[in-house]
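The following exercises examine a predicted model. Please study the sequence and the structure before reading each solution.

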Amino acid sequence: MSDDNSEDLGAGEFGPRWSVETLHNGYRQALEIADMLYDSETDHQRIRVFQSAKFGRVLTLDDVVQTTEADEFIYHEMLTHPALLAHGAAKRVLIVGGGDGGMLREVLKHPGVEHVTMVEIDAGVVEFSKRYLPSLSDGAFEDARLNLVIADGADFMKSSADSFDVVIIDSTDPIGPGETLFTDSFYAHAKARLTPSGVLVTQNGVPFLQSDELVGTLSAFKALFSDWTCYLATVPTYVGGPMAFGWASMDPAVRRVSDMLLTQRFKAAHLSTRYYTPEVHKAAFALPGYVQKLLP
Ligand code: SAM
């Protein structure tokens with residue numbers, strides 16, 4: 001239904017004032033562009049940042065919404081804090097992707113984290129995020145604990161000899177450069193990078209519209225890890241309902257951390273969050289029937 005001040009949109013004609021995401025067959029998400037701030041093609045993808053009335057600044061890569069100022073806190077808090085607080089003593093963290101800096105910002109909130117390696121394939125995403133989306137990284141790129149590596153995350157995972165307590169895959173969807181981050185061999189290499197109680201967490205899209213992505217990841221996790229599952233959070237601009245985050249570890253005890261210990265750790269870390277709470281953390285692992293049915 002169009003309101004008074006929106007242009008009359010034909011079935012396929014959104015026009016230049018709209019950023020149209022066609023990630024899902026037969027389904028489009030259109031965000032009105034109030035002001036185009038950045039629009040450039042790197043070797044890897046088309047990067048656009050625009051001001052939108054509803055969501056603040058919006059980052060798209062190949063026209064797929066990556067993050068928005070309005071709802072990024074949900075995604076970045078929920079892909080970071082569950083693993084770090086369940087682990088309880090994470091010192092070394094690896095982020096693959098994450099070029100906008102939002103995940104890095106949340107990881108660095110943890111006083112116990114001593115070292116973060118961030119492997120981002122496209123330096124262009126980092127550079128313009130600092131300039132056009134400064135609220136996402138919020139100074140995180142200047143933190144002395146950061147080791148920024150510009151490389152393909154799959155190559156890094158295969159060749160690195162480092163070990164990490166938490167590995168976060170903050171990638172685009174499995175199209176274009178992100179595709180290599182959803183393979184069985186990538187997850188096998190990620191397992192080799194984990195410390196004995198280490199945790200791997202992954203962004204796995206919206207299962208209502210992208211169930212294959214989640215099934216593929218969890219099938220690989222089932223073959224590789226002692227403990228695996230997924231958990232959910234709803235990010236408004238990742239359309240189609242709750243999005244799934246993959247969870248994998250060789251230590252089942254990590255995920256089963258008690259409510260009391262989780263709350264103690266949350267308070268001790270003095271984290272300022274707008275979505276994450278220990279109760280939300282636990283509830284996120286309660287899967288509705290249609291997601292449970294996807295578990296391999
Ligand atoms: N929140 C977003 C989502 O859920 O789709 C992801 C945000 S972040 C901008 C995604 C990042 O992954 C981008 O900066 C992109 O350049 C990076 N990326 C994609 N493929 C990659 C690869 N193979 N290795 C490292 N980084 C990659």
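**Exercise 1: The sheet**

Seven strands form an open sheet of mixed pairing, in the order E9-E8-E7-E10-E11-E13-E12. Determine which strands stand at the edges.

*Solution.* Step 1. Strand E9 (146-150) and strand E12 (227-233) each have a single partner strand, so one side of each is left without a neighbour in the sheet. These two strands therefore stand at the edges.
Step 2. On average, neighbouring strands of this sheet are turned by 15° against each other, direction ignored.
Step 3. At the E9 edge, strand E8 (residues 115-120) pairs with E9 in the parallel sense over five bridges. Within these strands, Glu-120 stands opposite Ile-150 in E9.

**Exercise 2: Helices on the sheet**

State which strands helix H1 (residues 72-87) touches, and where helix H6 (residues 184-192) lies.

*Solution.* Step 1. Helix H1 packs on the sheet and touches strand E7 (92-97), strand E10 (164-170), strand E11 (194-203), E12 and strand E13 (243-249). The direction of H1 makes about 165° with that of E10.
Step 2. Helix H6 lies across E10 and E11, and runs at about 145° to E11.

**Exercise 3: The ligand**

Identify which residues come nearest to the ligand, and how much of its area the protein buries.

*Solution.* Step 1. Of the 26 residues around the ligand, Gln-45, Glu-120, Gly-153, Pro-177 and Tyr-238 come nearest.
Step 2. A backbone N or O atom of Gly-153 lies 2.8 Å from a nitrogen atom of the ligand. For a polar backbone atom of Ile-121, the distance to a ligand nitrogen atom is 3.2 Å. An N or O atom in the side chain of Thr-180 is 3.4 Å from a nitrogen atom of the ligand.
Step 3. The ligand taken alone exposes 600 Å², of which the protein buries 99%.

Key: Residues numbered from 1 in each chain as written. Predicted model: local features only at pLDDT ≥ 70, side-chain atom pairs only at ≥ 80, totals over all residues. Heavy atoms only, no water. Pairing = 2+ DSSP bridges. Helix = DSSP H or I, 4+ residues; strand = E, 2+ residues; numbered from the N terminus. Axes fitted to C-alpha atoms, helices over the stretch in contact; angles between N-to-C directions. Contact = heavy atoms within 4.5 Å. Near = heavy atom within 4 Å. Polar contact = N/O pair within 3.5 Å; in protein donor to acceptor, adjacent residues only side chain to side chain. Areas by Shrake-Rupley, 256 points an atom, 1.4 Å probe, with all protein chains shown as cover.
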